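Dear colleague,

I am passing on the structure we spoke about, and it is shown just below. My notes on what was found in it follow.

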Amino acid sequence: MGHDTGATIPAYPVSRARFSMTGPGLTGFSPTERRRLRRLARSAPSPHGALVQLGRLVEAGGHGPLAELTPRELRVLLQLLGGSAYLSDILISDGDSWAETFAQAIQTESKPFDRHAADFGDWAREEAPERFHARLRRHKRREFLRIGARDLGSLASVEDTMDELTALADFALEAAYRFCRATLERRHGRLLVPGTSRDNRFVILGMGKLGGRELNFSSDIDLIYLYETDEPANRRAIPAREFFGQLAEHLTDAMGKITEDGLVFRTDLRLRPMGSQGPSAQPVDAALLYYESWGLCWERSALIKARPVAGDVDLGETFLEDVRPFVYRRYLDFSTVEELRDMKARIERQQVPGDEAKGRNLKLGYGGIREVEFFTQALQLVNGGYDLRIRKRNTLEAITELARHGYVPATESAALRAAYRFLRNAEHKIQIFAHEQSHEIPGGADRERALARRLNYADEAGGEAGAFWKDYRKHTGAVHAAFERLFYGARKEISAHKDQPEAEIWQDLEQREWLVRELRKRGFPDPDKAYRDLRAVRDGSGASPPSARRLRVMRELMPALMKTILDSGEPQQALHHMAEFGRRIGARTGFLTLLAENPGTTRLLIDLFANSRFLSDLFVNRPELLDSLIRVDLTRIAKTRAEMREEVNASIAEVLDVEDKLDRLRRYRVEEFIRLGLHDLGGELGFDESIAQLTGLAEACLDAALTLAQVELERQYGPPPMGRFAILAMGKLGEAQLDYHSDLDLVFLYDSPQAAEPRGRPAGRIAAHEYYVKLGQRIIAYLSAPTREGIAYRLDMRLRPSGRSGPLVSSLEAFRIYHEASSLLWERQALIRARFVAGDPPLGAEAEAIAQRFAYQGGFTPDDLGEIDGLRMRMERELAREDGSRFDVKTGRGGLIDVEFLVQMLQLRFGREHAPLRQRDTLGAAGALRELRLLGARDHRILVEGYTFLRRLGHRLRLERDQDTHILEREPGRLRAVALALGYEEKPRKSPGAALLRDYEKRRERIRACYERFFPEAG
């Protein structure tokens, strides 16, 4: 550490019994002036030092300029003179022009690049390097005076000061680069890119605090020098590496060489690829190769703040875009937290030995600046791969965004921001005194008090230092608590289980017979299988013995993991799925580290493995979806269809190949299923909202498939002139009641003039009808054809006019004519739910109107009643197939179809006269029937309560099982997990599964009795 001229500046004493006003330069003041100056000096960080420096200032420039200062300017002057010997020296060196220099300094709030350039003058003029160095250093000294005076005078915030110091460094680097390159080009000629007439580009990347726009008064500036290419421009030209090596050397001298005028900024090149062993300037492709092949965690962390600060900014931005996958990994990698934790510990051991030093070091001590930075960067590295919003270079901005998007609690974020401002402000005020690169709170009462007063602590009783220390401990305590929570909280939580009985199961894994007995005691119905699964969890794929690192992580994690498994609703199933997941990912320990760092995620994963075979299979087959599990608490519980549509389209747009786009569509749908399923399992998402979200997701995916199909088809054939296309949803999608695993019942319609046909592209000209048939075929393929990511949705087109025998796509006129002349009663019944979901809205509205008209315009006869009942009974016989071992919640006796057919019969019967009945939603229509007194209160209650019960039961069965199922086993033991999820409690001698079965049978008999009152022949 040292002053930039190498001088040593003594500390000012803060207070004395009286301030001397009789030193050199002060004898010319009148008694009144002396009293006024003494009074103003009392508020300076060092009253005595302020008056000593004032004497030197008057001695150098005379009394006259002092009288011209306003009271505000005089107050700030004494703050400066009593707060910084370094800045005092700069001002005194201006002689009799000091007052003008000072007034201009404190009145200039900020300086953009152009203003710096104008004040500096021609930076590339031909002159000796020594003259340029002197000009640049004098510019730096003037700017430090301006920035420091405003900082000490409380005319600027800590953010303003950091930003101004950074802007100065940016300008100085650009000036130095232009001068040094021009000098080299005069010596060697221009260095061109081979085969072109343009310069081989060069960029300076600012790292650390320079990159984050948060420099302090004595910061080094961390730099990386990169150039475009190593290829020689021609045989006579100087090699690029030699040219840019010289440029790097000259730049470093221009900025950091100490002369009689001091230095500009100390430069540090150790963050470059290969560190001190690497060349000072490197081509961008070599730097990229290094990071991709050998880059370490600390280098990922360093590159978070990287910013092009001088030279060719476009070259720098391109490089940073290319290196971003190294910095922000697409998958979650919680080994990052472990590596940063170890790195922080090494720094503390090497640079801040002893607890006393840690308590006084603003940067590296407990709760210091480095802990804020490590905390912030760890969360950015772990989550920034998929969340671009938190990729901020500036620490305060990053903390703000982390809180805004749910990664940090709002209160913790506010405390961290306040602490960071406090610590950086204190750092400024330590360094501003003598321009020393110090982060230590100075020792001794006078020095502590002076620091506190530079920070605007004021206490007539002399308690400034005590007030400072109180705030210091508050802020560092908040930082350290957050740091400990992130880096050590998970370890503390999982280690709390190490002495629990569950730990024995893991520790005695080689004692098979004892362990099988123990697993049986703990409720595993198949303890032999549970034992094999335990071994699989420990060993991974089993192809080779577990690594020492895996065993170390498992020793930490397994007791807590076993406790969570044993506490779950289905321990056997949870353990089995955990083992299957382990086998799938093999011997890699990254996911175990992830679980060890996230106990909450462990509980969520085990809850999922215990309660949903459907979601478990998604994870086992796609381990990368673990990212979604970690993020689930950060995502919004509910999204609008527009938001989902925007997200899926954005994901599709990132790739060019159609197959890749379809994979993205399927991947998005699966990730959303994970989000919805986890919130559903956790109880944050109610049944109605789950159904609404699943419906919105299907509509968003359908819309995306339609758009993609239209783009691809138009690329081949061109757009059809004046043609329109719309998709009607039928069934559960039309009712907006879609569930997990539901098919999409669709009808494709178009409207196009007879003579219209596509204009023709490479594939030739085709008729409009053929064009829309191809469009429909592509939509079906894009959603239901299997790709690497599976299928998106199964589509059912059987509800189109004429069913399977009808054309895939109908014109609007053909749709109208068919239902006018040929539609059957069951088709009228299906049209009740018809709803436009994608394509041309006016065409969709016309189609909806046709569907409504033909659903409700016909009469209703006793034969119609018998036909609906006959269809219902046929479904029960042929589809339900209930027997002594199972029920069918949907098509079985008293099932969902009983309620839907009964309500739809009444809608068809009375909907022509009563418009309120023309609703797609079964429960909404039932409510309208009650309001019109077409359904009695008792029957309405039976139907609504029963239907709601059955829908929730069916929904939970779908979520638990990896299939579209409505089968309910008559074995209570097999229904335990479903019953618990539906709110049934485990009680002595009363199984939740048995209670669920009793309620189901009671409700289905009530529904069937109600059904038979309206369909007498059914009885």
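I begin with helix α35, which covers residues 768-784: its 17 residues reach 24 Å from the first C-alpha to the last, close to the 24 Å expected at 1.5 Å a residue. Please keep in mind throughout that this is a predicted model. The buried residues in α35 are A768, Y771, Y772, V773, L775, G776, I779, Y782 and L783, and what covers them includes the helices α32 (658-682) and α33 (687-717) together with the strands β6 (724-730), β7 (744-751), β8 (795-796) and β9 (809-811).

Helix α38 (residues 841-856) can be described in a similar way, since its 16 residues reach 23 Å from first C-alpha to last, close to the 22 Å expected at 1.5 Å a residue. Its buried residues are L843, G844, A847, I850, A851, F854, A855 and Y856, and they pack against β6, β7, α36 (812-821), α37 (825-831), β10 (835-839) and α40 (896-910). The N-terminal end of α38 is capped by D840, which places a side-chain oxygen 2.9 Å from the backbone nitrogen of L843, and L843 is itself among the buried residues of this helix.

Two residues may deserve a look at their backbone angles. A736, in the loop between α34 (731-734) and β7, has a positive phi of about 60 degrees although it is not a glycine, and with a relative accessibility of 29% it counts as partly exposed. R881, which is found in the loop between α39 and β11 (886-888), likewise is not a glycine but has a positive phi of about 50 degrees; R881 is exposed, with a relative accessible area of 58%.

On the surface, L824, W826 and L871 make a nonpolar patch of about 240 Å². Of these residues, L871 belongs to helix α39 (residues 862-880), and it is partly exposed, at a relative accessible area of 30%.

For the protein as a whole, there are 44 helices and 12 strands, and 56% of the 1019 residues count as buried. The exposed area comes to about 42,600 Å², of which carbon and sulfur atoms supply 48%. Among contacts between residues at least 6 apart in sequence, 73% join residues at least 24 apart.

With best regards

Definitions and conventions
Residues are numbered from 1 along each chain as its sequence is written. This is a predicted model: local features need pLDDT of at least 70, side-chain atom pairs count only at pLDDT 80 or more; totals for chains, interfaces and linings use all residues. Side-chain values use heavy atoms; hydrogens and water are left out. Patches are made of residues with over 30% relative accessible area and no salt bridge: like charges are joined within 9 Å, nonpolar side chains (Val, Leu, Ile, Met, Phe, Trp, Tyr) within 5 Å. Accessible areas come from the Shrake-Rupley method with a 1.4 Å probe; for residues, only the protein chains shown count as cover. A salt bridge is a side-chain nitrogen of Lys or Arg within 4 Å of a carboxyl oxygen of Asp or Glu. Helices (H or I, at least four residues) and strands (E, at least two) are DSSP runs, numbered from the N terminus. Buried means under 20% relative accessible area, exposed over 50%, partly exposed in between (1.4 Å probe, protein chains only). The expected span of a helix is 1.5 Å times one less than its number of residues. Contact means heavy atoms within 4.5 Å. A polar contact is a pair of N or O atoms within 3.5 Å; within protein, one must be able to donate a hydrogen and the other to accept it, and residues adjacent in sequence count only if both atoms are side-chain atoms.
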